[in-house]
Amino acid sequence: MKLKKAMIVFGTVCILNTMVTGCGSGSEPAAKTEESQKSEVLSEESNNVSKEIDGDTEEPPENTEGRWQVLEPDIAAAVDADFLGKVWKMEENSFFIAEKKVKILDDGSLSYSSPSSNADLPDTQLIHVVFEEDTVFYMRATDGSGENHEDKEAGFQDLKEHMSVEMKGSFKNDEFHATEIRFF
């Protein structure tokens, strides 16, 4: 009888111990740590890849954790811009854009997509673009085929709603700080 009770107690302790070890909170921090280590390694690798592509040792963009990010290095090189958009709202010394997406197709051509000018976008989907006095504005004129273009110096006053913009610069606190703005 005592042996039977001892075996039941021992079996119960073993089962509880297995449950605590297998299902307890002790494994979660290890998993989180492992996940965070993986994301740090991936982040470092992507930073190294972009440095190799650019051919210099420039620091990564300042907005690595923000909602909006500059274009991937291969796409940025193809469009000669850090971010693309469509002017949505104008203010006195800044403007808001809707993101214009671009991807490189298998044949090497580019595919663009942006919201319709008639779309009703909430302000949360708009990106605030700010610029300094030394920001350069260009009006791009293209021929009928789109193959040839000419950039003429312009100013903020030439920018209008629903124009497409190609910008160089970086994100800081989810605002795009432009150093160059081309529009057409």
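Visitor: What does the protein chain expose, and which atoms supply 51% of it?

Guide: The protein chain exposes about 12800 Å², and carbon and sulfur atoms supply 51% of that area; please keep in mind throughout that this is a predicted model.

Visitor: How many of the residues count as buried?

Guide: Of the 184 residues in the protein chain, 26% count as buried.

Visitor: Why is A76 called buried or exposed?

Guide: The relative accessibility of A76 is 14%, and because buried means under 20% relative accessible area, A76 counts as buried. This residue lies in helix α3, which spans residues 73–79, and, leaving aside residues up to four places away in sequence, A76 touches L71 and A81.

Visitor: What makes E166 buried?

Guide: E166 has a relative accessible area of 9%, and since the cut-off for buried is under 20%, E166 is therefore buried. E166 belongs to strand β7, residues 164–172, and its contacts, not counting residues up to four places away in sequence, include V79, A81, F83 and L84.

Visitor: How do you know that the side chain of E166 makes a polar contact with the side chain of R182?

Guide: The distance for that pair is 2.8 Å, and a polar contact requires a pair of N or O atoms within 3.5 Å, so the side chains of E166 and R182 qualify. The side chains of E166 and R140 are also joined by a polar contact, of 3.5 Å.

Visitor: Which elements does the protein chain have?

Guide: The protein chain has three helices and eight strands, running α-α-α-β-β-β-β-β-β-β-β from the N terminus on.

Notes. Residues numbered from 1 in each chain as written. Predicted model: local features only at pLDDT ≥ 70, side-chain atom pairs only at ≥ 80, totals over all residues. Heavy atoms only, no water. Helix = DSSP H or I, 4+ residues; strand = E, 2+ residues; numbered from the N terminus. Buried < 20%, exposed > 50% of the residue type's maximum accessible area, 1.4 Å probe, protein only. Contact = heavy atoms within 4.5 Å. Polar contact = N/O pair within 3.5 Å; in protein donor to acceptor, adjacent residues only side chain to side chain. Areas by Shrake-Rupley, 256 points an atom, 1.4 Å probe, with all protein chains shown as cover.
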